[in-house]
Amino acid sequence: MGGKAYSLYDIEAFIREAGAERVTEDAVLDLEKELEKLTEKIANRAKIYAQHAGRKRVIKKSDVVLAKGVFGSYSKPYAFMKKASKTNASSISER
């Protein structure tokens, strides 16, 4: 792809905001690679949705939103666990 969206300093700041007191260079570089992979996957999927909608050159926010949904919600990574535990608890109590 093109240029970098975030500097290594920004990525280190993200990790620190998550609660880390110290961050190794390897951790920053690894997160950078993962962010690039995820961004590329979402962009490629959004392009597919745009093409399916008959748009060859324009990717809309709705395409990106749909593409993000394919790869899961990254704002609440453990939300699925809470939902599953509620489902299991209710199914047990109904027996």
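With which residue does Lys-37 form a salt bridge? In the predicted model examined here, the partner of Lys-37 is Glu-34, and the closest N and O atoms of this salt bridge are 3.4 Å apart. Both residues belong to helix α2, which comprises residues 25-52, and they are separated by three residues in the numbering, about one turn of the helix. With a relative accessibility of 45%, Lys-37 counts as partly exposed, and Glu-34, at 38%, is likewise classed as partly exposed.

This pair belongs to a set of three salt bridges held by the structure. Another joins the side chains of Glu-12 and Arg-16, for which the N to O distance is 3.0 Å. Here too the two partners share a helix, in this case helix α1 (residues 8-17), where they lie four residues apart, about one turn of the helix. Glu-12 has a relative accessibility of 24% and therefore counts as partly exposed, and Arg-16 is assigned to the partly exposed class at 37%.

A further salt bridge is formed between Asp-63 and Arg-55, whose closest N and O atoms are 2.6 Å apart. Asp-63 is buried, its relative accessible area being 2%, a value that falls in the buried class because this class covers residues under 20% relative accessible area. In general terms, side chains of opposite charge can pair when their charged atoms come close.

Terms used: Residues numbered from 1 in each chain as written. Predicted model: local features only at pLDDT ≥ 70, side-chain atom pairs only at ≥ 80, totals over all residues. Heavy atoms only, no water. Salt bridge = Lys/Arg side-chain N within 4 Å of Asp/Glu carboxyl O. Helix = DSSP H or I, 4+ residues; strand = E, 2+ residues; numbered from the N terminus. Buried < 20%, exposed > 50% of the residue type's maximum accessible area, 1.4 Å probe, protein only.
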